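User: Could you take a close look at the surface of this chain for me, and then set it against the rest of the fold?

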Amino acid sequence: MSFKPIAAKLFAKYITLQIKSWSSRPEETQRKVFKSLVKEGRKTKFGKDHRFDEIETFEDFFGRIPIQDYEGLKPYIDQVVDGKEDILWPGKPLYFAKTSGTTSGAKYIPLTKDSIPTHTSAARNAILSYIAETGNSSFVDGKMIFLQGSPELNEKNGIYFGRLSGIVAHFVPNYLQKNRLPSWETNCIEDWDKKINKIVEETYNQDMTIISGIPSWVQIYFERLKDKTGKSISELFPNLKLFIYGGVNYEPYRSKFENLIGGSVNSIELYPASEGFFAFQDSQTANGMLLQLNSGIFYEFIKADEFFEETPEILTIGDVQVDVNYVMIISTNAGLWRYNVGDTVMFTNTQPYRLKVSGRIKHYTSAFGEHVIAQEVEQAIITASKEFEAQINEFTVAPQITPKEGLPHHEWLIEFQKEPINMEAFRQRMDDLLQQQNAYYHDLIKGNILKTLVITKVQKDGFQNYMKSIGKLGGQNKVPRLSNDRKIADELYKQLIKQ
């Protein structure tokens, strides 16, 4: 064993003491972050426009700044993109994380000299927390693979921009560079199919100990490895100790993963986004991810079922409760002010504050007033899959408002790796589980407004082909679990589903 695992254990102990210090004083920690943000915000055009010099309390802050999404901040962001200084945060940002999907095209999320360290330190601290808790550190001597976007960046008015994962790749510590795969050249390949094949070539004979990425894309990597070698992942990588993931719930993929791996490995869940690194799993035994209260982000929470009301109640960290669905609003040291990330979260613990992502405020199914959320459909398919020995590659849910015959219903488009032992019983069990979780859906079924859910099987690689057709294959892209319309479903029908 080299010195690196020993040093990792010592550093892990130091970092976890720091984490315990701020996480045990959540309200004090958030007040300090709030005051620091307002102080810096006073130096900016946004701060002057919104009278930051008069802000002393949370209520002052809430009264002067509206809750907004990207479109609300876009007039200011456009000025930053044009190269102007002191607009949303003092100076210029170092980078823009470029993403897509808004009504006005690409989004440019600023990353500043103050915010970038919070992204890198949170990912590091997730691994150090694991080491501190388990005592396992030998994996730091092995090879580590991060399935991510290209690190190649473009430049605009003196500011570099690219994918978040590609930007963060520039900040991997030197002591990890020798262990890190794939090569820089391979990481720069834009075509996902070519990239994943090249990654397979570079890694199949390496001593991989950590693998990180969105589960759906890591699954494709595992399948390509198995196709090339005829071996399970545990045979190829006997020292694989840790799977690090974020972006989607791992549980629907777990059965398929363990089948591909030939066993199970420990996992760490992360909650990163271009707007901030919000939380990470700090314990293998506790439920949920530790909310990063000291990372230059001030959090507000609004109950999801009140969010579209004219004056919803604004809650800060000391007011939230477990098992309540909240919309998360952030203000950050990258210059995002009262920004609606679009995610909904539920707290699993308040000592310390741990949460899980429950869905997206825009990704839900409520065509009939049921407001079914991602957590509910994921829990239904996870439980039913275990009971009926099914393995799921991917799925999405859409309303069917005008069926050719019968009552309206929810249509579940599912790509199975292994079909359930009894499809009809599986279908009914999922519907029962959904009714148990969502009283509105239950009432619509019992009132004969809706019929029970319908399953449509998607052919192998159907979702992968769909994502490729819309230019979102690989990287941090993922299929929405829920839609309130049939755009995704209709595209799957048109292109991919066997009739």
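Analyst: Happily! The accessible surface of the chain comes to about 21900 Å² (Shrake-Rupley method, 1.4 Å probe), and carbon and sulfur atoms hold 48% of that area. This is a predicted model, where local features need pLDDT of at least 70, side-chain atom pairs count only at pLDDT 80 or more, and totals for chains, interfaces and linings use all residues. Residues are numbered from 1 along each chain as its sequence is written, and side-chain values use heavy atoms, leaving out hydrogens and water.

Beneath that surface, 55% of the 499 residues count as buried (under 20% relative accessible area, 1.4 Å probe, protein chains only).

As for charge, the chain carries 60 positive charges (Lys and Arg, placed at NZ and CZ) and 62 negative ones (Asp and Glu, placed at CG and CD), with His and the chain ends not counted. Their mean positions are 5 Å apart.

Turning to the fold, there are 18 helices (H or I, at least four residues) and 18 strands (E, at least two), taken as DSSP runs. The radius of gyration, over C-alpha atoms, is 23 Å, close to the 23 Å of the globule rule (2.2 Å times the number of residues to the power 0.38), so the chain is as compact as a globular protein of that length.

An automatic or database domain assignment divides the chain into domain 1 (1-361) and domain 2 (364-497). Their contact (heavy atoms within 4.5 Å) takes 30 residues from domain 1 and 25 residues from domain 2. The C-alpha centres of the two domains lie 28 Å apart.

How values were computed
Buried means under 20% relative accessible area, exposed over 50%, partly exposed in between (1.4 Å probe, protein chains only).
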